[in-house]
Amino acid sequence: MVTTVAGSGTAGRADGPAATAQFNQPYGVALDAQGTAYVADRLNHVIRKITAAGAVTTFAGSGTAGYGDDPVGLLAGFDMPHSVLMTPADNLLVADTGNDCIRQISPAGAVTTFAGSYTSGYVDGPAATARFSGPVGIVQDATGNVYVSEVNNFRIRRIDPAGMVSTIAGSGVRGHLDGPAATARFFEPQGIALDAAGNLYIADRAGNRIRKLTPAGVVSTYAGGAAGGYLDGPAATARFNAPIGVAVDGGSGDVYVSDRDNQRLRRIEAATGLVSTVAGTGAVGNTDGPALTARFASPRGLTLHRGSLYVADLANHRVRRVAGLPLAAAGGRPVVPGPALEVFPNPATGPVAVRYHLSQSGRVSMAVFDGLGRAVARPVAAGWRASGWHEARFETENLPAGLYYIQMTVTGKTITKRLALTR
């Protein structure tokens, strides 16, 4: 289910109750342990705060584009901040993109410069003299290293706990090249996220790919291809269109992606490599409700918190939440309390894959019904199935465009999923 956390939908800057508060192109979102959300409000040049009770305030920033630290915070200058990250010490790190710096906001609201010299460029070394160009994505590992993606330097940088900045991937040449990190090329690295093994996942927006950087320093294409588009299925053939945000479920390792120009949120399942759509119809809009009928308008930054996915819905000027995703428990096993049914691609123009899960062995039957309730296909013949995940495919070339319903019955329980066929 998709709900609106805060934002009236009208661009502006107004604090107050979440439903009437105004944002102006929110780009990134992070949450603390208490469930308070912090938002990089890009065109307002401020950092906003949304309490769990739904009160919106300005946490830091004067509201005028500029640069300046401030011990109180409300006089600090930001310039189009893009991403925010809450650290274990409850400091908020901000990718201050227009100022080419990483800023830090203390729990009391004091704003300081964490790294960068307020001069665009490319210089490694001490944080105070290092130079960045277009820092956008930001993430921190368990040992305190901070990783930054740069859209203008085409690199991934690291700020270690001693305050030294180094380059860990990217040659500085724009393009697409996998292999050793030092020679790898990125088109436009934006959102970044870490898994439990220390792998970095990078949304390479202009390359329409999700890239992976291992701790050993090897860059590969994790999902997607050069041709932008929309296609679920195996990672190698799946298609994205300007992916920007990424978040990793620490238990399962599944990677969630905000697929900007497809107006969807996607998932890359770690266990199978399958890409599926978890929210969005592909049409621009602002609709809450069931995830696959919800609508977004240029979704950007993502974060996972307590079983929900939060997204900065930029052109809707809202922060949205997706609850009920198949996130993983601490042990890494998928949380699937009972039978489950997934359908992809959806909408579809050709063959459809059906994944279904049984929490225990049972007899399964499945059928596809049209809008009049007539059975028109059977992707799975009735029979006994063991517990776990299963997959089946069925052809749709003999079915006209329209809405269909896939119904699975197992041990007396029935689950129905809607499928849209387009031609």
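Begin by selecting Y201 and Y222, both of which are buried. The model on display is a predicted one. The rings of Y201 and Y222 make an edge-to-face aromatic pair, with 5.0 Å between centres and 65 degrees between planes. Colour the two strands next: Y201 belongs to β18 (residues 200-204) and Y222 to β20 (residues 218-224), so this pair ties together parts that are 21 residues apart in sequence.

**The other aromatic pairs**

The count of aromatic pairs comes to 3. Another of them is reached by selecting Y67 and Y118, which are stacked at 4.3 Å centre to centre, with 10 degrees between the planes. Y67 is located in the loop between β6 (55-60) and β7 (81-86), and Y118 in the loop between β10 (111-115) and β11 (125-126); the pair therefore ties together parts 51 residues apart in sequence. Display the surface here: Y67 is partly exposed, at a relative accessible area of 31%, and Y118 is also partly exposed, at 44%.

**Charges over rings**

Select R103 together with F78. The charged end of R103 sits over the ring of F78, at 4.9 Å from the ring centre. Then move to R264 and Y230, where the charged end of R264 sits over the ring of Y230, 3.5 Å from its centre.

**The surroundings of D259**

Keep R264 displayed and add D259, a residue of strand β23 (residues 255-259). Is D259 buried or exposed? Its relative accessible area is 0%, and because buried means under 20%, D259 is buried. The side chain of D259 makes a polar contact with the side chain of R266, at 2.6 Å. Apart from neighbours within four places in sequence, the residues in contact with D259 are R239, F240, N241, A242, P243, R264, R266 and P299.

One of these contacts, A242, merits a separate selection. The phi of A242 is near 65 degrees, a positive value in a residue other than glycine. Most residues other than glycine have a negative phi, and most peptide bonds are trans. A242 is placed in the loop between β21 (233-234) and β22 (243-248), and is buried with a relative accessible area of 3%.

**Further backbone features**

Select H45, which is not a glycine yet has a positive phi of about 60 degrees. H45 lies in the loop between β4 (37-41) and β5 (46-50). The relative accessible area of H45 is 12%, and H45 is buried.

Go next to N346 and P347. The peptide bond from N346 to P347 is cis, with omega near 10 degrees. P347 is in the loop between β29 and β30.

**The nonpolar cores**

Which residues have the most contacts inside the largest nonpolar core? Select L341, Y356, M366, F394, I406, M408 and L419; the core as a whole has 22 residues. The elements giving two or more residues to this core are β29 (340-344), β30 (352-358), β31 (362-369), β34 (388-394), β35 (402-410) and β36 (413-421). A second, separate core has 15 residues, among them A203, Y222, A238 and V257. In soluble globular proteins, nonpolar side chains tend to be buried together.

As a final selection, centre the view on M408. Leaving aside neighbours within four places in sequence, M408 is in contact with P339, A340, L341, Y356, V364, S365, M366, K413, T414 and I415.

Notes: Residues numbered from 1 in each chain as written. Predicted model: local features only at pLDDT ≥ 70, side-chain atom pairs only at ≥ 80, totals over all residues. Heavy atoms only, no water. Core = buried A, V, L, I, M, F, W, Y, C linked by side-chain atoms within 4.5 Å. Buried < 20%, exposed > 50% of the residue type's maximum accessible area, 1.4 Å probe, protein only. Helix = DSSP H or I, 4+ residues; strand = E, 2+ residues; numbered from the N terminus. Contact = heavy atoms within 4.5 Å. Phe/Tyr/Trp six-rings, centres within 6.5 Å; stacked < 30°, edge-to-face > 60°. Lys NZ or Arg CZ within 6 Å of the ring centre and 35° of its normal. Polar contact = N/O pair within 3.5 Å; in protein donor to acceptor, adjacent residues only side chain to side chain.
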